[in-house]
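Open the model in your viewer and get ready to select residues by number. This tour moves from stop to stop and says what to look at.

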Amino acid sequence: MPDSHSDSVTPAALDENHLIAERREKLRQLRQRQAEGQGPAFPNDFQPRDRAAAIAAAHQASDADELERASVTVRMAGRMMLKRVMGKASFVALQDATGRIQVYVRSNDVGEEVYAEFRRWDLGDIVGVVGHLFRTRTGELSVHAQSIRLLTKSLRPLPDKFHGLSDQELKYRQRYVDLMIDESARQRFVLRSQAIAQLRAFMASQGFLEVETPMLHPIPSGANARPFATHHHALDQAMYLRIAPELYLKRLIVGGFERVYELNRNFRNEGISIRHNPEFTMMEFYAAYWNHRDLMTFTEELIRNVARQTLGTLQLTYGGRAVDLEAPFARWTMREAICQCSPAGVAMEDGSGLCVDSASWLRQALLRHGCSEAQHQLSTRSLAALQVLYFEEVVEEQLWQPTFLCEHPIEISPLARASDERPEVAERFELYITGREFGNGFSELNDAEEQAVRFRAQVQARERGDQEAMHYDADFIRALEYGMPPTGGCGIGIDRLMMLLTDSPNIRDVILFPALRHEAEG
């Protein structure tokens, strides 16, 4: 009788299952030897001293004679990625966290019994090696093993290939395999770590104090977004994964810390795309006595600094197109951006003024662009809301070079200070690079009574069905009533910044373990 799953199992899966079975049998034999007192199956007494990259850097200029005279002994460990057995001698490519180095293993040196065992080891096994450096006849720096030990038995074979659309999800789902075999993936995440270290160093140099605020909030706050909800059993109350740390950081400004920042995770229960992950990294910073103009100047230099320190250049390439971080970042109002990046008609007079200031013209332009009344409720949107939607649908993707977009409508900026000259707009900016938003900042609203009015308007919006509208935060209003100095605050999307620095097209490429649909079992 055929196996009940045989018609759904591919030949490749059957072959892999066979290889896994062979490796499990080898592990069974190791366990048997352990039971007989011949040493543990998974030893934990080998301490590597040397790393592949450091060995290469220290001896790249040494020729064969110099290495022989110096008799440099190394002690290292790593995963066997390649193995070429040639009778009584073999070559192995050993990979540690810093790179690969070739190891020469000979029966006469390690002993016939060990060499016989070595021949049965598999690619992916983790081994420890002690030996001396030499150069092969082809000039490759290598380790001549005096001893070699199996430290960890790998039960699954490494994939032969790891590319193409069919494997893309596997790279995200099994990042540990991706990191094993794709050097570019490892370097991408090394660069991410270095960039974050540079961000922290820059903030410290500018007098900012790094702080930690709650991840679990009793009230979802800090941005217009749908939260993840949970329940705290001991307190018997609803809790929410934080949307943003903004209101807690501003409480610290009230308390007397004049420059604070937090670099950590935010959570938004929204869509997943090449630009969005529900769990993402943000850096938010707040400075007393700064306004939105100060923030733009600081943000521009911060991004330049991290690029200069991690990449060594301000001339970047993203998706084959140049990005210039050295030239001054453009500063446009939303109206200017719409007029600059739209068909000529948008900046024309319609009899009563510019078309960009005509709600009826914008509705028709959005309909022509493909927006629908059913999805976007165009007929009920205000002029400001129509301008924002037109910008998002038509203009945003055209802002390739770094551009600060300023003067957002106050109605979509519930935490920002209104302009003294034009109260209908906020002292706010968004930073766009490569057609996507990288940051959002503004002069903070520090008028407790006005903030209370805006919170109440947000509550009314929620009651009308806007699930992303904010809640009323009474404690934050109480904090503002003690008095918050004039303050500027900004949030920068770290994942999107890493996409730019690593020339990655998908946000999942720069997140070690991105959100994915639960994998089917079996």
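Start with strand E9, residues 237–241, and add E7 to the selection: the two pair in the antiparallel sense over two bridges. The model you are looking at is predicted.

**Stop 1: a three-stranded sheet**

Pick Leu 216. Which residue stands opposite in E9? Leu 241 does.

Now add E8. E8 pairs with E9, again antiparallel, through four bridges. Select His 232 and look across to E9: the bridge partner there is Gln 237. Follow the chain around the turn. E8 and E9 make a hairpin, and four residues lie between them. Asp 236 sits in that turn with a positive phi of about 55°.

Zoom out to see the three strands together. They form an open sheet in the order E7-E9-E8, with antiparallel pairing. Which strands are at the edges? Strand E7 (216–217) and strand E8 (229–232) are, because each pairs on one side only. Strands in a sheet are held in pairs by backbone hydrogen bonds, so display the backbone here.

**Stop 2: strand E1 and its two partners**

Move to strand E1, residues 73–86. Select strand E4, residues 126–135, as well. Seven bridges join E1 to E4, and the two run antiparallel. For one pair to click on, take Arg 75: Val 130 in E4 stands opposite.

Next, select strand E2, residues 89–96. How many bridges link E1 and E2? Seven do, in the antiparallel sense. Click Arg 84, and find Phe 91 opposite in E2. Then go to the turn. The hairpin of E1 and E2 has two residues between the strands. Gly 87 takes a positive phi near 65° in this hairpin.

While the side chains are on, check which way they point: in a regular strand they alternate between the two faces of the sheet.

**Stop 3: two domains**

Colour the chain by domain. The domain assignment gives domain 1 as 14–152. Domain 2 is listed in two pieces, 183–329 + 401–509. How far apart are the centres of domain 1 and domain 2? Taken over C-alpha atoms, 48 Å separate them.

**Stop 4: Glu 437**

Select Glu 437, which lies in strand E17, residues 436–443. An unreviewed UniProt entry places the feature "binding site" at this residue. Is Glu 437 buried or partly exposed? Glu 437 counts as partly exposed, because its relative accessibility is 26%.

**Stop 5: Asp 420**

Select Asp 420, in the loop between strand E15 (403–406) and strand E16 (428–433). Asp 420 has a relative accessible area of 54%, so this residue is exposed. Now draw a distance to Arg 226. The two residues are 194 residues apart along the chain. Their C-alpha atoms are separated by 31 Å.

**Stop 6: a nonpolar patch**

Finish on the surface. Select Tyr 176, Leu 512 and Phe 513 together: they form a nonpolar patch there. Their accessible area together is about 330 Å². Then click Leu 512 alone. Where is Leu 512 found? Leu 512 is in the segment after helix H17 (494–502). Leu 512 counts as partly exposed because its relative accessibility is 36%.

Technical notes:
Residues numbered from 1 in each chain as written. Predicted model: local features only at pLDDT ≥ 70, side-chain atom pairs only at ≥ 80, totals over all residues. Heavy atoms only, no water. Patch = residues over 30% accessible without salt bridge, like charges linked within 9 Å, V, L, I, M, F, W, Y side chains within 5 Å. Areas by Shrake-Rupley, 256 points an atom, 1.4 Å probe, with all protein chains shown as cover. Salt bridge = Lys/Arg side-chain N within 4 Å of Asp/Glu carboxyl O. Buried < 20%, exposed > 50% of the residue type's maximum accessible area, 1.4 Å probe, protein only. Domains from an automatic or database assignment. UniProt positions renumbered as here; feature names shortened; annotations may be inferred.
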